[in-house]
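Please work through the exercises below with the sequence and the coordinates open beside you. Try each task before reading its solution.

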Amino acid sequence: MNTNWDAIFEQHWDMYDPNFNGKRLRRPGTTDEMINKLELSLGFQFPQEFHDCYLAANGFGIDHLLLVPVEEIPSFISKTRKWISAGHKHIADRFFPFIDNEYGPTGYFLEDDGELSDYMFVAVQERYHDDPRFDPDAFMEPSARSIWSYLTC
């Protein structure tokens, strides 16, 4: 399936910034070489959708980059894992976040058997633990099945 990333980015902007109040950000796409280098450094192969999305835009958002640029993902993962390890060390190394949103870092998660979860997950920031949209007893919450569904929900 060929995903029309231009349309997805436009739809996201239209949903979350319909009056053009924010600064709409979209960096040019990265290269396969940069994505492959990232995967080698992390020891993790991202799904094809990740490749396709990042080839279309190496950073995207409104007022800040929601999609973290490829070259910043290792430090974003490291910072997130350090935060998660404080209370949830057993899952920190299985989380590969690449979306920086207000609720918490969001990305791919490896199940106990090492397989990629069917959903992306958000590590819910403590300030949202009383928010009725989130389970107060959960730390990692399912977010979306794909990047395109995340950006268009």
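The exercises that follow concern a predicted model, and each task is paired with a stepwise solution.

**Exercise 1. Fold inventory and overall dimensions**

Task: Establish how many helices and strands the protein chain has, in what order the elements run from the N terminus, and why its radius of gyration agrees with that of a compact globule.

Solution: Begin with the count, which gives five helices and seven strands in the protein chain. Next, read the elements from the N terminus on, where the order is α-β-α-α-β-β-α-β-β-β-β-α. Then turn to dimensions: the C-alpha trace spans about 40 × 40 × 25 Å along its principal axes. Finally, compare with expectation: because a compact globule of 153 residues would have a radius of gyration near 15 Å, the 15 Å of the protein chain agrees with that rule.

**Exercise 2. Burial, contacts and surface**

Task: Determine what share of the residues counts as buried, what share of the contacts joins residues at least 24 apart, and what carbon and sulfur atoms supply of the exposed area.

Solution: First, of the 153 residues of the protein chain, 48% count as buried. Second, when contacts are restricted to residues at least 6 apart in sequence, 52% of them join residues at least 24 apart. Third, the protein chain exposes about 8600 Å², of which carbon and sulfur atoms supply 49%. As a last step, consider charge: there are 13 positive and 26 negative charges, and their mean positions are 6 Å apart.

**Exercise 3. The nonpolar cores**

Task: Identify which residues have the most contacts inside the largest nonpolar core, and which element gives the most to this core.

Solution: The largest nonpolar core has 31 residues, and those with the most contacts inside it are F50, F98, Y108, I147 and L151. To see where the core is drawn from, note that at least two of its residues come from each of several elements, including α2 (32-42), α3 (48-56), α4 (73-92), β4 (95-101) and α5 (147-151). Among the elements, α1 gives the most, with four residues. A second, separate core has nine residues, with I91, F121, A123 and F139 among them. Returning to Y108, and leaving aside its neighbours within four places in sequence, one finds it in contact with a set of residues that includes F50, F98 and I147, as well as E49 and R94.

**Exercise 4. Two histidines**

Task: Decide whether H51 is buried or exposed, and do likewise for H90, buried or exposed.

Solution: H51 has its place in helix α3, and since its relative accessibility is 8%, below the 20% cut-off, it counts as buried. Apart from neighbours within four places in sequence, H51 is in contact with D32, I35, N36, E39 and F46. H90 lies in helix α4, and with a relative accessible area of 62%, over the 50% cut-off, it is exposed. The C-alpha atoms of H90 and D112, which are 22 residues apart along the chain, are separated by 10.0 Å.

**Exercise 5. Positive phi outside glycine**

Task: Find where F20 and D63 are located, and what phi each has.

Solution: Start from the general expectation that most residues other than glycine have a negative phi. F20, found in the loop between α1 and β1 (24-26), has a positive phi near 55°. D63, found in the loop between β2 and β3, has a positive phi near 70°. To finish, check accessibility: F20 is exposed at a relative accessible area of 57%, and D63 counts as exposed at 56% relative accessibility.

Conventions:
Residues numbered from 1 in each chain as written. Predicted model: local features only at pLDDT ≥ 70, side-chain atom pairs only at ≥ 80, totals over all residues. Heavy atoms only, no water. Rg over C-alpha atoms; globule rule 2.2 N^0.38 Å. Buried < 20%, exposed > 50% of the residue type's maximum accessible area, 1.4 Å probe, protein only. Contact = heavy atoms within 4.5 Å. Areas by Shrake-Rupley, 256 points an atom, 1.4 Å probe, with all protein chains shown as cover. Lys, Arg positive; Asp, Glu negative; His and termini not counted. Charge placed at Lys NZ, Arg CZ, Asp CG, Glu CD. Core = buried A, V, L, I, M, F, W, Y, C linked by side-chain atoms within 4.5 Å.
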